[in-house]
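Got your viewer open and a hand on the mouse? Let's walk through this one stop by stop, selecting as we go.

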Amino acid sequence: MLLAITVSYLLGKAALIGAIVAVSLGLAMYSTWAERKVAAIMQDRVGPQRAGPFGLFQPLADGLKLFMKEEIIPNFANKFLFVLAPGLAMVCALMSSAVIMWAPDYTMADGTVYPFQVADINVGILFVFGIVSLGVYGIMIGGWASNNKYSVMGSMRAASQAISYELPMGLSLLALLMVTGDTSMRTIVQQQDSFLHMNVWKQPLAFIIYLVCAFAELNRAPFDMAECESELVGGYHTEYSSMKLGFFLFSEYINMFISSVIMACLFFGGYHYPGMDWVQAHAPQWVFVATCILATISKGIAFILFIIFVRWTLPRFRYDQLMNLGWKSLIPLALLNLLITCAVILKFFN
Amino acid sequence: MELLTNRAQIVERKPMTFAERIYLPGILKGLSITLGHIFTKRATYSYPKVKRQFSSTFRGLHILNRDEEGRERCTACGLCALACPAEAISMESAERTKGEEHLYREEKYAAKYEINMLRCIFCGLCEEACPKDAIYLTQTFAPSAFKRETFIYKKEDLVLPLDPAKQIAK
């Protein structure tokens, strides 16, 4: 059964992938709108309001502007890598969505099961990890190919930041995996079938460490070492213009959405929501699945809003402060968490 | 060192405490402050639709006043140009001829009167200098334009338009 690939199977997967990409792009677009609105609200302004009701067409206008802009490739840039980098950033951003479990399986009339997960691989979390680590290549290559010292410095900082924060992130997830006993996203989501069974209650410290590291992996303020607008002009994308710049910025927002959903899946029960058993019993199956998808996405949106909210609250870290926090605080803390988890599991659940 | 004022504050540079070093309490405090701003009043005016109320002492564009009978008060004495620190005002005088008594109040009047609004600093010294109560600063400001020449306001831009009722009577 494992390799029973039929046309309908391929079509189903293609439809799901298409839907996920479309939803990710749409949400990333409106994240830029939300970013500006939230920033405005925090600063007692009103934000975009002229393009459509509440400025809702602003992302369209921004996208159109990016497409229309002149495309500049510096004379001494490595042209192949310069063009490759934004695409790489985008692909990496979209790829980690493959293992997300969006909703419970849908059983069709003829008994075939349609899973709302592109690939149920048994090392789901490790896959996410691998892709997230690859994400920094887009930034590295972009900075290197630009042939600009600010770009190179930005990408070097991004790389060292990514390496420093992947360690505590991995360690915090290790503690989570000891609790769940499985690395498959499907199992992890299915285990958290009620409010009290959410992993965040079992591993609060791991969640906080993971959250901090997620900010760093997303290159978002307060950890915006890749861009450093106040020091390095625009960081790794200083030389980029037009839609290539747009791809870099867009991939950041897509990353934000995907990692928000992954956080929701790992720690906040994925598609589970209060009262879902009643809905399952009383509503048609497609309604149940649709509400589950909505639950996943709205948990993701809540995280996106939180990430934006933090960006407009906290000042950015200096480079040395960033390294101090990563190596001297988060890694020991994650190790301590791991140790405590080990001890508790050995003592009570063995 | 002797402190010259009582406003100086001594900054203590103690090493951070544990609570400060884990950042979380500080972060939560910051988040609560920004969260509070959801409920504060917006400072924005949707400008072309909603216009801000200026203060009663606001000094804007100039106007050349007329007397009760609709005659121009300005006699082109040049005191406003002399008082102007930005040298924004220039004028040429002319003598009133017979039959122009209903247009100009005294025997001398300003044939040309120009204010360069890009030079003007809107200090209001011209208003103070004027012995004839002819020039006043209003509550409006110069609209934006693409050409510098548009900001040199001619006499016809500055003189108070005649009362429509009086125009008909004339």
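Start by selecting Asn219(A), just after helix 8 of chain A: its phi is positive, about 55°. Keep in mind as you look around that this is a predicted model.

**Stop 1: helix 8 of chain A**

Now select helix 8 of chain A itself. Is it mostly buried or exposed? Ten of its 14 residues are buried, so helix 8 is largely enclosed by the rest of the structure. Colour the buried ones: Ala206(A), Phe207(A), Ile209(A), Tyr210(A), Val212(A), Cys213(A), Ala214(A), Phe215(A), Ala216(A) and Glu217(A). The cover over these residues includes helix 4, helix 5, helix 7 (199–202), helix 9, helix 11 and helix 12 (319–348) of chain A.

Here's a ruler check. At 1.5 Å a residue, the 14 residues of helix 8 of chain A should span 20 Å, and the end C-alpha atoms are indeed 20 Å apart.

**Stop 2: helix 11 of chain A**

Helix 11 was one of the elements covering helix 8 of chain A, so let's go there next: select residues 285–311 of chain A. Try the ruler again: 27 residues at 1.5 Å each should span 39 Å, which agrees with the 39 Å between the end C-alpha atoms.

The buried residues of helix 11 of chain A include Val289(A), Cys292(A), Ala295(A), Thr296(A) and Lys299(A). Further on, Phe303(A), Ile304(A), Ile307(A), Ile308(A) and Arg311(A) are among the buried ones too. Why can spacings of three or four matter in a helix? An α-helix has 3.6 residues a turn, so residues three or four places apart point the same way.

Show the neighbours as well: the buried residues of helix 11 of chain A pack against helix 1 (7–42), strand 1 (103–107), strand 2 (113–116), helix 8 (204–217), helix 9 (242–267) and helix 10 (276–282) of chain A.

**Stop 3: where two helices cross**

Keep helix 1 and helix 9 of chain A on screen and hide the rest. Their axes come within 8 Å and cross at roughly 110°. That makes helix 1 of chain A roughly perpendicular to helix 9 of chain A. On the helix 1 side, select Ser24(A), Leu27(A), Ala28(A), Ser31(A) and Thr32(A). Their contact partners on helix 9 of chain A are Phe250(A), Tyr253(A), Ile254(A), Met256(A), Phe257(A) and Ile258(A). Sorted by class, this contact has eight nonpolar residues, three polar and no charged ones.

**Stop 4: a hairpin in chain A**

Select strand 1 and strand 2 of chain A: they run antiparallel and are joined by three bridges. Thr107(A) stands opposite Val113(A) in strand 2 of chain A. The two strands form a hairpin with five residues between them, and in the turn Gly111(A) has a positive phi of about 90°.

**Stop 5: two more positive phi values**

Most residues other than glycine have a negative phi. With that in mind, click on Asn147(A), whose phi is positive, near 60°. Asn147(A) sits in the loop between helix 4 (124–145) and helix 5 (149–180) of chain A. Asn147(A) counts as partly exposed because 15 C-beta neighbours lie inside 10 Å.

Then jump to Ser242(A), another residue other than glycine with a positive phi, near 55°. Ser242(A) belongs to helix 9 of chain A, and with 16 other C-beta atoms within 10 Å, Ser242(A) is partly exposed.

**Stop 6: the sheet in chain B**

Time to switch chains. Which strands make up the open sheet, and in what order? Three strands of chain B line up as 2-3-5, with antiparallel pairing. Strand 2 (89–95) and strand 5 (152–153) of chain B stand at the edges with a single partner each, so one side of each has no neighbour in the sheet.

Strand 2 and strand 3 (residues 108–116) of chain B pair over seven bridges. To find your way along them, select Met91(B), opposite Tyr113(B), and Glu95(B), opposite Lys108(B). Strand 3 and strand 5 of chain B pair over two bridges, and there Asn116(B) stands opposite Ile152(B).

**Last stop: Tyr136(B)**

Finish on Tyr136(B), in strand 4 (residues 135–137) of chain B. With 16 C-beta neighbours inside 10 Å, Tyr136(B) counts as partly exposed. Leaving out residues up to four places away in sequence, Tyr136(B) touches His62(B), Ile63(B), Asn65(B) and Glu127(B).

Conventions. Residues are numbered from 1 along each chain as its sequence is written. Chains are lettered from A and ligands numbered from 1 in the order in which they are written. This is a predicted model: local features need pLDDT of at least 70, side-chain atom pairs count only at pLDDT 80 or more; totals for chains, interfaces and linings use all residues. Helices (H or I, at least four residues) and strands (E, at least two) are DSSP runs, numbered from the N terminus. A residue is buried if 20 or more other C-beta atoms lie within 10 Å of its own, exposed if 12 or fewer, and partly exposed in between; C-beta atoms are placed from the backbone. Two residues are in contact if their C-beta atoms, placed from the backbone, lie within 7 Å. The expected span of a helix is 1.5 Å times one less than its number of residues. Axes are lines fitted to C-alpha atoms, for helices over the stretch in contact, and angles run from 0 to 180 degrees between N-to-C directions. Angles under 35 degrees count as roughly parallel, over 145 as roughly antiparallel, 65 to 115 as roughly perpendicular and the rest as oblique. Ala, Val, Leu, Ile, Met, Phe, Trp, Tyr, Cys and Pro count as nonpolar, Asp, Glu, Lys and Arg as charged, and the others, Gly among them, as polar. Two strands pair if DSSP finds at least two bridges between them.
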